[in-house]
Amino acid sequence: MKKVECIVKPFKLDDVKNAITELGISGMTVSEVRGFGRQKGHTELYRGAEYQVDFLPKIKIDLVVPADMVPAIIEAVQREAGTGRIGDGKIFVTDVEQSIRIRTGETGPESL
């Protein structure tokens, strides 16, 4: 099993979610997060004063999936979240040693 973490622009959430569910993924966790990378934030004007916005709003999508689904998920997220502009986001893939469904006690891939 693998954990796929996707950091995307907020307005891309619906497109990414639809692409992932079309692959047969039945569950995901979505969080509103803030951060920056190369984009480094931006300056805004408020009541005549300029100030720096360092942490930009992003959406984090967490998925735990069978390892063989990872390439298709990566391709779908890149296709749907990509705009070709700085700040499109990141995808992280890590190993998951164990998964347990609390209600039934199922473990491993059956718990997904």
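In this predicted model, helix α1 (residues 13–22) packs against helix α2 (residues 70–81) at an angle of about 155 degrees. Their axes lie 9 Å apart. That angle makes α1 roughly antiparallel to α2, because angles over 145 degrees count as roughly antiparallel. The crossing of α1 past α2 is right-handed.

Which residues make the contact? From α1 come Asp-15, Val-16, Ala-19 and Ile-20. From α2 come Ala-76, Val-77, Arg-79, Glu-80 and Ala-81. By class, the residues of this contact divide into 6 nonpolar and 3 charged, with no polar ones.

Now the charged pairs. Side chains of opposite charge can pair when their charged atoms come close. In this model the count comes to 6 salt bridges.

Take Asp-95 first. Asp-95 forms a salt bridge with Lys-2, and their closest N and O atoms are 2.3 Å apart. Asp-95 sits in strand β6 and Lys-2 in strand β1 (residues 2–8), so the pair ties together parts that are 93 residues apart in sequence. Are the two partners buried or exposed? Asp-95 counts as exposed, at 59% relative accessibility. Lys-2 counts as partly exposed, at 24%.

Next come Lys-9 and Asp-88. Their side chains meet in a salt bridge, at 3.7 Å from N to O. Lys-9 is in the loop between β1 and α1, and Asp-88 is in the loop between α2 and β6, so this pair ties together parts that are 79 residues apart in sequence. Lys-9 is buried, with a relative accessible area of 13%. Asp-88 is buried too, with a relative accessible area of 18%. Both values fall on the buried side because the cut-off is under 20%.

Glu-106 and Arg-101 give another salt bridge, with an N to O distance of 3.2 Å. Glu-106 counts as partly exposed at 31% relative accessibility. Arg-101 is also partly exposed, with a relative accessible area of 26%. Elsewhere, salt bridges that share partners join Glu-75, Arg-79 and Glu-80 into one network. Two of these names are familiar from the helix pair: Arg-79 and Glu-80 are among the α2 residues in contact with α1.

The loop between α2 and β6 deserves another stop. Gly-82 is placed there, as is Asp-88. Gly-82 counts as partly exposed, at 36% relative accessibility. What does Gly-82 touch, leaving aside its neighbours within four places in sequence? Its contacts are Lys-12, Val-77 and Asp-88. Val-77 belongs to the α2 side of the helix contact. Asp-88 is the salt-bridge partner of Lys-9. Gly-82 and Val-70 are 12 residues apart in sequence, and their C-alpha atoms are 17 Å apart in space.

On to the strands. Asp-62 is found in strand β5. Is Asp-62 buried or exposed? At 15% relative accessibility, Asp-62 counts as buried. Leaving aside neighbours within four places in sequence, Asp-62 is in contact with Lys-3, Val-4, Glu-5, Met-28 and Thr-29. Thr-104 is another matter: Asp-62 and Thr-104 are 42 residues apart in sequence and 22 Å apart in space, C-alpha to C-alpha.

Two exposed acidic residues finish the tour. Asp-68 lies in the loop between β5 (56–65) and α2. At 64% relative accessibility, Asp-68 counts as exposed. Where does Asp-68 stand with respect to Met-1? The two are 67 residues apart in sequence, with C-alpha atoms 8.5 Å apart in space.

Glu-97 is placed in the segment after β6 (89–95). Glu-97 is exposed, with a relative accessible area of 82%. How far is Glu-97 from Lys-3 in sequence and in space? The two are 94 residues apart in sequence and 9.9 Å apart in space, C-alpha to C-alpha. Lys-3 has already appeared, as one of the residues in contact with Asp-62.

How values were computed:
Residues are numbered from 1 along each chain as its sequence is written. This is a predicted model: local features need pLDDT of at least 70, side-chain atom pairs count only at pLDDT 80 or more; totals for chains, interfaces and linings use all residues. Side-chain values use heavy atoms; hydrogens and water are left out. Axes are lines fitted to C-alpha atoms, for helices over the stretch in contact, and angles run from 0 to 180 degrees between N-to-C directions. Helices (H or I, at least four residues) and strands (E, at least two) are DSSP runs, numbered from the N terminus. Angles under 35 degrees count as roughly parallel, over 145 as roughly antiparallel, 65 to 115 as roughly perpendicular and the rest as oblique. A crossing is left-handed if the near helix is turned anticlockwise from the far one by less than a right angle, and right-handed if clockwise. Contact means heavy atoms within 4.5 Å. Ala, Val, Leu, Ile, Met, Phe, Trp, Tyr, Cys and Pro count as nonpolar, Asp, Glu, Lys and Arg as charged, and the others, Gly among them, as polar. Buried means under 20% relative accessible area, exposed over 50%, partly exposed in between (1.4 Å probe, protein chains only). A salt bridge is a side-chain nitrogen of Lys or Arg within 4 Å of a carboxyl oxygen of Asp or Glu.
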